[in-house]
Amino acid sequence: MKNKSFYVMLSILIIVSLSCNFISGKGISSENKSSSEVELGEVYTSSEGGYSFRSIPGYSLEEQWGITFMVAPDGDDKNGPLISLIGGLNNEPRSSQEIYFSFLDSLNSSFEVLEETTSTFADAEAYDAHLEGEQDGEFIHVRILISAITPTQQFTLAAIAPADRFEEVAPYFNAVLET
């Protein structure tokens, strides 16, 4: 697993969740913008994921099996800039901590957790972390929020971008999270 990219690891986490029946079924420069100043688009609902959010104008949007990707016009689906939302039902109870540490265990060794906090999201414990590492020869920055909304429902929001472009996607992470 040491040579796997972050994107592959995120995909593996999703696949593992599916296989274990845990889950059913150029933006605004953000350097000086708060999430409340970011314009968002129409409300999008993922019935399979169990969540709704406001989309990012100009970003492509694709969803399948409760996993949504919004990719910047000049981005790619591996290194971004992109925002990803993942939701679904667990057949077995899992805590936010269990889901978060499972995610960390799946990462390749080049990733380092820069900052990690716990907070509340939808009245549930959430792990919010910033990570950096190399993926496909590019140094990327990731922000991820993982929460077990209930013991049987999980939600993940991630922002992924080349490290030198992360500030472009950061306010979208906050703005989408607030919706």
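In the predicted model, a hairpin joins β8 to β9 through 2 residues. Strand β8 (residues 138-150) also pairs with strand β7 (residues 124-135) in the antiparallel sense, over 10 bridges. The pairing of β8 with β9 (residues 153-162) is likewise antiparallel and spans 10 bridges. Individual bridge partners illustrate this arrangement: E132 is matched with H141 in β8, and A148 is matched with Q154 in β9. The hairpin of β7 and β8 has 2 residues between the strands, and D136 there takes a positive phi near 50°.

The structure holds 3 salt bridges. One of them connects the side chains of D74 and R165, with an N to O distance of 3.0 Å. Because D74 lies in strand β4 and R165 in the loop between β9 and α3 (166-178), this pair ties together parts that are 91 residues apart in sequence. D74 is partly exposed, at a relative accessible area of 39%, whereas R165 is buried, at 18%. R165 also meets the side chain of E168 in a salt bridge (2.8 Å, N to O), and D74, R165 and E168 are thereby linked in a network of salt bridges.

A further salt bridge is formed by D128 and R143, whose closest N and O atoms are 2.6 Å apart. This pair links D128 in strand β7 to R143 in strand β8, 15 residues apart. Both D128 and R143 are buried.

On the surface, E62, D76, D77, E134, D136, E138 and D164 gather in a patch of negative charge. Within this group, D76 is found in strand β4 (residues 67-76) and counts as partly exposed because its relative accessibility is 33%.

Note on methods:
Residues numbered from 1 in each chain as written. Predicted model: local features only at pLDDT ≥ 70, side-chain atom pairs only at ≥ 80, totals over all residues. Heavy atoms only, no water. Patch = residues over 30% accessible without salt bridge, like charges linked within 9 Å, V, L, I, M, F, W, Y side chains within 5 Å. Areas by Shrake-Rupley, 256 points an atom, 1.4 Å probe, with all protein chains shown as cover. Salt bridge = Lys/Arg side-chain N within 4 Å of Asp/Glu carboxyl O. Lys, Arg positive; Asp, Glu negative; His and termini not counted. Charge placed at Lys NZ, Arg CZ, Asp CG, Glu CD. Helix = DSSP H or I, 4+ residues; strand = E, 2+ residues; numbered from the N terminus. Buried < 20%, exposed > 50% of the residue type's maximum accessible area, 1.4 Å probe, protein only. Pairing = 2+ DSSP bridges.
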